[in-house]
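Colleague: Could you take me through one part of this model closely? I would like to hear about the aromatic rings and the core around them.

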Amino acid sequence: MKDQNFNFVSSLFRYERQKTATVHVGDVKIGGEYPIRLQSMTDTDTKDTEASVEQIIRIIKAGGDFVRLAVQGLREAENLKIIRAELNRRGYGSTPLVADIHFSPAAAETAIKYVKKVRINPGNFYDPRAKFEKVDYTDEEYRDELASIEERFIPFLHACAERGTALRIGANHGSLSDRIMSRYGDTPAGIVESVMEFLRICKKTDFHNVVISIKASNTRLMVYTVRLMNYRMRLEGMNYPFHIGVTEAGEGEDGRIKSAVGSGALLADGIGDTIRVSLTEDPANEISFARKLVDIFKGREKHAPISAPMISQTNPFEYERRSNRPVSEIGGKKPVVVIASLNNYTLEEVRSLNTGTEPDYYYDGRRIFNKAGRAFPILSLEDYLFNDLYTNQERFIRTNKPEYDVLKAENPEIVEKLKNERKAIIIMESNNLNSFAELRAFFMELDAHICKNPVILHRSYQENDYENLLLKASTDLGGLLIDGYGDGILISNQGTLGYNELKDLSFGLLQASRMRVTRTEFVSCPGCGRTLFELQGTLAEVKKHFRHLDHLKIGVMGCVVNGPGEMGDVDYGYVGSGPGHINLYKGQKLVKRHVPSERAVDELKKLMMDSGDWNDAPIVR
Ligand code: SF4
């Protein structure tokens with residue numbers, strides 16, 4: 001067995017943390033053999049010492065290893081000194097602070113005196129705000145800009161080295177410089193290159209106390225770009241640690257599923273040395289969820305060995321659904337289906353329980369039913385191979401990779417039978433501690449033999465706690481969906497969680513991995529010192545008015561510094577433009593400027609009506 005891995009990870013089938021260099025953030029070390037560090041960011045005004053200190057202490061008490069603050073300019077940078085002193089006085093001297101800088105090298109130069117790490121955005125640290133206009137750079141102009149960046153960046157790196165301050169080079173989808181946009185557009189290659197330009201200068205200067213990050217609110221884009229980044233670093237002999245996270249994930253269940261799917265897909269391949277879960281909630285909540293997410297992978301290296309064929313997988317750097325032949329309404333180019341576990345209810349009973357989207361199929365433990373009540377049999381792999389049952393009708397075969405491997409070793413004809421099969425859908429299961437990799441290996445095995453059967457991903461749990469179930473299902477299945485594997489999902493649970501919870505989680509997983517949209521997507525930032533309105537209440541208000549518009553993505557962002565770019569591919573944006581005022585966007589285009597916030601929801605609704613995107617909410621009786 002040989003791993004085909006495109007060199008973006010050391011193994012596709014064996015769980016291990018990727019080997020990265022160690023970075024020193026004060027006394028806290030990131031990367032190498034050190035545990036995955038948890039962090040969050042304050043949403044207070046960094047000039048407000050008391051509020052910032054109080055919040056930092058809450059984050060530390062929740063388990064944060066370090067805390068980041070927004071530093072817009074010199075006044076915020078200077079106040080870091082007072083915040084640091086106050087934290088020391090209250091007994092929190094060992095937790096390093098991190099300064100978050102955009103557009104202000106001067107603020108960074110001041111901040112490095114008071115914090116142990118500075119985050120800079122390569123898209124706007126030295127480059128001016130991108131104009132989102134196509135600018136043609138000649139090779140010479142491009143080189144000159146880079147040379148000018150190098151000239152300013154090298155003294156900054158020397159100053160960091162002198163003080164022992166670490167650096168994060170953190171790029172975000174939607175905030176690239178015009179220079180990068182001119183060559184690459186807002187693409188994974190462009191995001192990676194924007195980080196590489198800065199990393200090459202670090203390497204040349206022998207400055208290695210560097211962490212990198214690449215974030216996006218689109219889970220797929222985030223995962224592909226981080227993998228590409230890891231691949232590019234390996235090619236250039238670099239192994240800087242990764243800070244990972246899905247940015248602007250939103251809040252509540254949707255924000256958690258999105259974070260677990262995106263960051264979980266990376267953690268499952270051992271990528272990630274420090275993590276931030278971005279939620280539009282109290283920052284301390286981010287830490288508790290990040291802790292649980294990281295703990296899902298604890299001990300995973302002890303998983304049973306996984307055999308895999310010598311073939312390539314689907315492209316790990318861009319979306320490509322696994323090619324397969326549809327059977328009935330499953331597979332091919334049809335939407336990925338949800339099969340809902342009846343959990344001891346009858347089909348008739350669950351129909352009255354249905355809230356939200358109705359599942360495509362139902363499962364009672366023995367058979368699968370479509371919405372019309374037609375039953376499809378489920379066979380074991382052995383029955384499928386040896387007993388000619390239900391050969392002329394559509395049916396499911398339930399199996400797992402170890403069972404398939406044993407059967408295939410003694411009966412190699414199984415491969416030909418599956419290859420020529422036109423009416424069977426495989427329900428693919430795994431009980432391996434690393435089920436993500438075992439299911440991935442099973443897909444590769446099928447693809448190696450050109451077995452084009454559609455596949456339902458199935459996982460069974462025994463959970464009574466919804467958040468635990470959410471974490472397990474998202475990390476087991478999310479990465480596979482992102483890689484284009486699976487034509488349907490089926491989640492079973494022996495615990496107390498009911499039918500609706502399993503069904504809604506299934507739809508949530510498909511939405512978070514961008515496989516199927518069934519709810520309005522709210523892209524909302526977590527808030528920081530730049531936030532210009534009360535974010536959590538505003539998001540709740542926006543959700544209340546627009547949550548029935550499930551064909552739309554709506555951004556709710558705290559400020560115009562990063563909001564417009566980072567809300568990504570939303571259909572409408574609601575962005576703070578000043579205290580008590582909002583800018584409204586249609587896509588990336590600013591259409592209403594500085595609307596008083598008490599009128600902003602109505603103005604957004606009017607904008608949607610004028611654009612033909614508004615429907616009245618259905619009346620709930
Ligand atoms: S969009 Fe603005 S307010 Fe929101 S987290 Fe980003 S920088 Fe802070």
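Modeller: Happy to; here is a walk through the ring pairs, then the core. This is a predicted model, in which local features need pLDDT of at least 70, side-chain atom pairs count only at pLDDT 80 or more, and totals for chains, interfaces and linings use all residues. Residues are numbered from 1 along each chain as its sequence is written, and side-chain values use heavy atoms, with hydrogens and water left out.

The whole structure holds 17 aromatic pairs (Phe, Tyr or six-membered Trp rings with centres within 6.5 Å; planes under 30 degrees apart count as stacked, over 60 as edge-to-face, the rest as tilted). In one of them, the ring centres of Tyr126 and Phe198 are 6.4 Å apart and the planes meet at 10°, so this pair is stacked. Tyr126 belongs to the loop between β6 (117-120) and α4 (139-163), while Phe198 is in helix α6 (residues 188-204), so the pair ties together parts 72 residues apart in sequence (helices are DSSP runs of H or I, at least four residues; strands are runs of E, at least two). Tyr126 is buried at 10% relative accessible area, and Phe198 is buried at 1% (buried means under 20%, with a 1.4 Å probe and protein chains only). Ring pairs also join Tyr126 and Phe198 with Phe125, Phe153 and Phe156 in a cluster.

Phe153 leads us to the largest nonpolar core, which has 138 residues; Phe153, Leu167, Leu199, Met229 and Ile275 have the most contacts inside it (such a core is a set of buried Ala, Val, Leu, Ile, Met, Phe, Trp, Tyr and Cys residues joined through side-chain atoms within 4.5 Å). Leaving aside residues up to four places away in sequence, Leu167 touches residues including Phe153, Phe156 and Cys202 (contact means heavy atoms within 4.5 Å).

Conventions
Buried means under 20% relative accessible area, exposed over 50%, partly exposed in between (1.4 Å probe, protein chains only).
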